[in-house]
Each structure stands twice: as C-alpha cells, then as structure tokens.
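Subject: A structure for you to look at

Hello,

Here is the structure I promised to pass on. Please open it alongside this note, and then read on for what turned up.

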Amino acid sequence: MKDKLIHSLETVGLGPVVPVVRLASGENPKQQVSEIFERIGLPILAIALFLLLWSVSAAKVQTSLGTLPGPAQVWEQYQGLVVEHKEERAKEVAFYERQEIRNAKKLAKNPDAKIKVRPYTGKETFFDQILTSLYTVFTGFILASLIAIPIGVACGLNKKLYGAVSPIIQILKPVSPLAWLPIVTMVVSAVYVSSDPMFSKSFVTSAITVTLCSLWPTLINTATGVASIDKDWINVGRVIQLHWSKQVTKIAIPASLPMIFTGLRISLGIGWMVLIAAEMLAQNPGLGKFVWDEFQNGSSNSLGRIMVAVVVIGLIGYVLDWLMVSLQKIISHSSPESAR
C-alpha cells in the first residue's frame, strides 16, 4: 500500500511529499528528516530569502507611480482583485435575476409572449482574464501539437523529407511573435469574415500566433526522437509486414515518447510566453491585456496589480510544466528521474 502511494506521488510530480509518507510509516526517521529538509525545507528557505530581499530592495526603488511594491503590497492588491471578482459575479447574478423576474411578469400577462435573455456584458475581471489566456494557450498548443507531431514522425522516418523541410524549419523557428502577430492579424481579418462568428477574431489571432511560435520544438524533438530509435525495430516491423500506420503507432511513437514530451514541454512554455506578449501588443483579452491596461492606467495601485499578474503568470507557467511532466510519466511510464 505504501509503495503504491509513493509511486503515485512520484508519478504526479509530488516527489517532495514522499519522505513525509516514509517518515509517517517509521522508515529510517533520520534519513527521512534529512530528505524532508532537502526537498521541502531548502526550497521554502530559498523562497523566504527571496521574499525578504524583494521586500528590502523594493522599498528603495522609486518609480513614476510610486515605490516599487513589496510582497505585502502585492498580496494586498491580490486581495483587492479577489474582491473585485466577487463583486462582478454578484452583479452578473443580479443582472440575470432581474431578467428572470421581468420575463416571468411578461409571461404571466401573456403566455405567448416572446422573451429574450440578454448576455451579461460587464467587464472581465483578473480571474476571467486568466481563464481566457489559459483557454487560448491550450487551443494554440493543441493545434501546434496536431501539426508538429505527424510532420515530425514523417521527417524522422524519412531522411530525404527531413532534409527537404529542414531549411524551412530553421528559417521560421527563430521568428519572433512580434513579427508574426501583424501578419496573422491581417490574414485573420481578411479571411475570418462572418456575421455570426463562432470565435472572436482576437481569440483566433492569439491562438494562431501561439501555434506558429510553439510548434517548432515539438516538431524538431519528434523528428530527432523517431530518427534515433533502433532501426532494427523498424526492420522487424517491415519483416512481419506491419502496415505503415502500425509501425508508426506501435513502434516509432512509443519509442520516441520521451523526446516528444520534451518538445511538448518546451512548446507549451514558449506558447505561454508568446501569448502574454501577443495579448499585450494586440490588446487581445487575457493576462497580457490586463498588464498593459494597468500600465496605461497609471494609478497608485497599478504597479502592485502588475506584480500580481507577473507572479500569477510565473506560477501558471510552473503548473503547466508540472502537468506536462506528470502526463509524460503516466503515458510513457518513464521513471521519476528521467522526466524532470
């Protein structure tokens, strides 16, 4: 039972908790206490030291908007954003309740009356912006993966194909999202024309920009992983006359999963960074727009709110990477040490 719990914790990326479980079961207390300090205590001390240095140094930095906020001021602004979110949700509930009462009265007078429920159009809160950014980055990341993995597998299995597309990859790979964004914006505006669009143009623009910038690591790592697998495995598949689709799904992809997931982790991290920059530049809804709006606002609370956004962006990036590592361990059955 204990071993299964430890394996599960390691699989989902909660390795630092393992010494606590072992200590609770009475397994070598001295060693487990040492591991707890190393895996939990030291990171906590490092974070505490960072917060202390931040607090001391921030008080000495004067900007046009006032003193640079320290951890306490940032936490205060975060609480203010929470209050704003709750107030906005309360307004939304009241808005729909008023419509329900009005429609109920209308139906009471005339059962055949046509009723209409208008959507709530209040401002997006900080937490709404977070959800918007996450939805956009995952859309762009999934599109990039659906494009990159098949092309990468094909390139890994065929050297001539890889040689043909390699120059294109090397030219497009270093292009900045700031260069892609104007092109994508103009193309989407010209092509994505509808009186009742399923998705907003701002969402489509941001998602495509993320796709264009994040597909290259996955493509390159997939091609490298497939090309580096033991050729005898492919030859065995050919000898037993496996269909090419079976060779890909049963041999090539499983053997190259660690490299594929490495590419996916890098792509997701790049996609998250690209999205924030794209939202700031194009003023598309999301965390990037929140940061830019606060910068333009210039109030005494703006710096603190921007710092809140910066911390949240970093934490979300960390969680996204942790999710990819955990997914890699679950799907590829790799050891905890091989997927970090």
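To begin with the whole chain: buried residues make up 35% of its 340 residues. Please keep in mind that this is a predicted model. The chain has 13 helices and two strands. Its accessible surface comes to about 20,200 Å², and carbon and sulfur atoms hold 67% of that. If you look at contacts with a separation of 6 or more, 65% of them are between residues 24 or more positions apart.

Now to the charged pairs. Side chains of opposite charge can pair when their charged atoms come close. The count of salt bridges in this model is six, and I will walk you through some of them.

A good place to start is helix H4, which holds both Arg89 and Glu92. They sit three residues apart, about one turn of the helix, and their side chains meet in a salt bridge with an N to O distance of 2.8 Å. Are these two buried or exposed? Arg89 has a relative accessible area of 25%, so it counts as partly exposed. Glu92 is partly exposed too, because its value is 24%.

Next, please find Asp321 and Arg265, which form a salt bridge whose closest N and O atoms are 3.0 Å apart. Asp321 belongs to helix H13 (residues 302–332) and Arg265 to helix H11 (residues 257–282), so this pair ties together parts that are 56 residues apart in sequence. Asp321 is partly exposed, at 30% relative accessibility.

Helix H13 also holds Arg305, and this residue deserves a longer look. Arg305 forms a salt bridge with Glu294, with 3.7 Å between the closest N and O atoms. Glu294 lies in helix H12 (residues 287–297) while Arg305 is in helix H13, so the pair ties together parts that are eleven residues apart in sequence. Both Arg305 and Glu294 are buried. For Arg305 the relative accessibility is 11%, and it counts as buried because the cut-off is under 20%.

Which residues surround Arg305, leaving aside its neighbours within four places in sequence? Arg305 is in contact with Gln77, Leu81, Glu84, Phe290 and Glu294. Two of those names, Glu84 and Glu294, come up again in a network of salt bridges that links them with Arg305.

Not every charged residue belongs in that part of the story. On the surface, Arg98, Arg102, Lys106, Lys116 and Arg118 gather in a patch of positive charge. To find Arg118, go to the loop between helix H4 (71–109) and helix H5 (126–157). Arg118 has a relative accessible area of 46%, so it is partly exposed.

One last residue is worth a visit for its backbone. Most residues other than glycine have a negative phi, and most peptide bonds are trans. Gln283, however, has a positive phi near 60°, although it is not a glycine. You will find Gln283 in the loop between H11 and H12. With a relative accessible area of 30%, Gln283 is partly exposed.

If you have time for one stop, I would suggest Arg305, linked with Glu84 and Glu294 in the salt-bridge network.

Enjoy exploring, and all the best!

Technical notes. Residues are numbered from 1 along each chain as its sequence is written. This is a predicted model: local features need pLDDT of at least 70, side-chain atom pairs count only at pLDDT 80 or more; totals for chains, interfaces and linings use all residues. Side-chain values use heavy atoms; hydrogens and water are left out. Patches are made of residues with over 30% relative accessible area and no salt bridge: like charges are joined within 9 Å, nonpolar side chains (Val, Leu, Ile, Met, Phe, Trp, Tyr) within 5 Å. Accessible areas come from the Shrake-Rupley method with a 1.4 Å probe; for residues, only the protein chains shown count as cover. A salt bridge is a side-chain nitrogen of Lys or Arg within 4 Å of a carboxyl oxygen of Asp or Glu. Lys and Arg count as positive and Asp and Glu as negative; His and the chain ends are not counted. The place of a charge is taken as NZ of Lys, CZ of Arg, CG of Asp or CD of Glu. Helices (H or I, at least four residues) and strands (E, at least two) are DSSP runs, numbered from the N terminus. Buried means under 20% relative accessible area, exposed over 50%, partly exposed in between (1.4 Å probe, protein chains only). Contact means heavy atoms within 4.5 Å.
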